[in-house]
Amino acid sequence: MKIVINKNDIVDKLHSISAHMGNKLSATELVASTSDDATKIDIMLSASLVELMKLLSPYATLSSSGNVAELDLTMPVNWKSDRAANLVALCENYVVHSLFARWLDFIKSDGAALYRTLNNENAVAISHILALREKPQRN
């Protein structure tokens, strides 16, 4: 199984979430990420992807080139593969929240802690899906 994460989509979500929080706090210039922050965001995004790969271990390997990160998962044959779409969505959500928490570390550390706590729910759901197995078939 392969999970493909489009880095531009993740960064666009970061821009949206940070702009929304900036508007709510009346501090858009301080909180909102922009394309000018690309170098810093790219470093944080790489760290978030490695964090996700660790969560998916021992099943995953990570490769990244250009705008795409790929996580190749080698799942047991009895894994419930019907949960693959849910796993992909949770992984994308996990990376977005991880990246946003890293962004907030520099701006609003209490917000970063909140997003990390919320991301624990994603981590638990991912771990649960990884552990799902089909019942053995009787002959």
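1. Ser65 stands opposite Val68 in strand E3 (68-73). Strands are DSSP runs of E with at least two residues, and helices are runs of H or I with at least four, both numbered from the N terminus. E3 is joined to E2 by 6 bridges, and the two run antiparallel.

2. The model is predicted: local features need pLDDT of at least 70, side-chain atom pairs count only at pLDDT 80 or more, and totals for chains, interfaces and linings use all residues. Residues are numbered from 1 along each chain as its sequence is written, and side-chain values use heavy atoms, with hydrogens and water left out.

3. An open, antiparallel sheet is formed by 3 strands in the order E1-E3-E2; two strands pair if DSSP finds at least two bridges between them. E1 and E2 (60-65) are the edge strands, each pairing on one side only.

4. Lys7 is in helix H1. Lys7 is buried (under 20% relative accessible area, 1.4 Å probe, protein chains only). Lys7 has no salt bridge (a side-chain nitrogen of Lys or Arg within 4 Å of a carboxyl oxygen of Asp or Glu). The nearest side chain of opposite charge, Asp42, is 4.7 Å away.

5. The largest nonpolar core (buried Ala, Val, Leu, Ile, Met, Phe, Trp, Tyr and Cys residues joined through side-chain atoms within 4.5 Å) has 37 residues. Ile5, Leu52, Leu56, Leu73, Leu87 and Ile126 touch the most other members. H4 gives the largest share of this core, 11 residues.

6. Leaving aside neighbours within four places in sequence, Ile126 is in contact (heavy atoms within 4.5 Å) with residues including Leu52, Leu56, Leu87 and Tyr94.

Conventions:
Buried < 20%, exposed > 50% of the residue type's maximum accessible area, 1.4 Å probe, protein only. Lys, Arg positive; Asp, Glu negative; His and termini not counted.
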